[in-house]
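Reader: I have a protein model open and would like to learn how to read it residue by residue. Could you take me through it?

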Amino acid sequence: MKKRTVIAIGIVILLGVAGGRDLYTTFYPQHMINIDGKRLHLGRVYSQHLLSTVVITGDDETLLTVTAPITTVVKQVTAKLQNEVKEGNQSLPDGAKMQLATAYFNTNITLHLSTVVTYNTQHYASISMLLEAVTVNYTVNDELQFNDIIELVQRYQNKIQQIFNNDYNFIN
């Protein structure tokens, strides 16, 4: 009988320790990120923000730059490209007007996409981490139309949002 009691008490203590660990991580989250090869313990995360940047360069000059929250970056890129079409159409006759679906940069371009997540946490007032950076080159022969650029930014936004939600979203 004593042997069974000792085993039962041991199991109860083991379950208490395991449950206590779960309780501890509930009250003291162990959110970790890697920045520059260093593993940083964030503790509780009070806020988190995703900021994306889209830069299009060509002929050693910046043709377009948009920096916006991930949720509005596609909308803002679309607005800037629509503005480019509108400005270009001012000097064209009626029969030769461009549209967003047909306009393109008539030069080799480089499309830079990047997203930074910034956390406000228990251990850091503000800490930022590069989530993803992509650079893609296109030649003038590709005739990458403005709608294609918008679609690329949309796919990038969806991919980044999924990566963030799966691995770096610490506020549920």
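Reader: In which strand is Thr110 placed?

Author: Thr110 lies in strand β5, which covers residues 109-121. Keep in mind as we go that this is a predicted model.

Reader: Is Thr110 buried or exposed?

Author: The general idea is a cut-off: a residue is called buried when its relative accessible area is under 20%. Thr110 has 17% relative accessibility, so Thr110 counts as buried.

Reader: Which side chain does the side chain of Thr110 make a polar contact with?

Author: Its partner is the side chain of Asn137, at 2.7 Å. Asn137 also appears among the residues that Thr110 touches, together with Val55, Ile56, Thr57, Thr135 and Val136; residues up to four places away in sequence are left out of that list.

Reader: Let's try a second residue. Where is Val45, and why does Val45 count as buried?

Author: Val45 belongs to strand β3, residues 45-58. The same kind of reasoning applies: the relative accessibility of Val45 is 12%, so Val45 counts as buried.

Reader: Which residues does Val45 touch, not counting those up to four places away in sequence?

Author: Val45 touches His31, Tyr119, Asn120, Thr121, Phe170 and Ile171.

Reader: And how many helices and strands does the protein have?

Author: There are three helices and six strands, and from the N terminus the order is α-β-β-β-β-α-β-β-α. Of the 172 residues in the protein, 31% are buried. Among contacts with a separation of 6 or more, 62% come from residues 24 or more positions apart.

How values were computed. Residues numbered from 1 in each chain as written. Predicted model: local features only at pLDDT ≥ 70, side-chain atom pairs only at ≥ 80, totals over all residues. Heavy atoms only, no water. Helix = DSSP H or I, 4+ residues; strand = E, 2+ residues; numbered from the N terminus. Buried < 20%, exposed > 50% of the residue type's maximum accessible area, 1.4 Å probe, protein only. Contact = heavy atoms within 4.5 Å. Polar contact = N/O pair within 3.5 Å; in protein donor to acceptor, adjacent residues only side chain to side chain.
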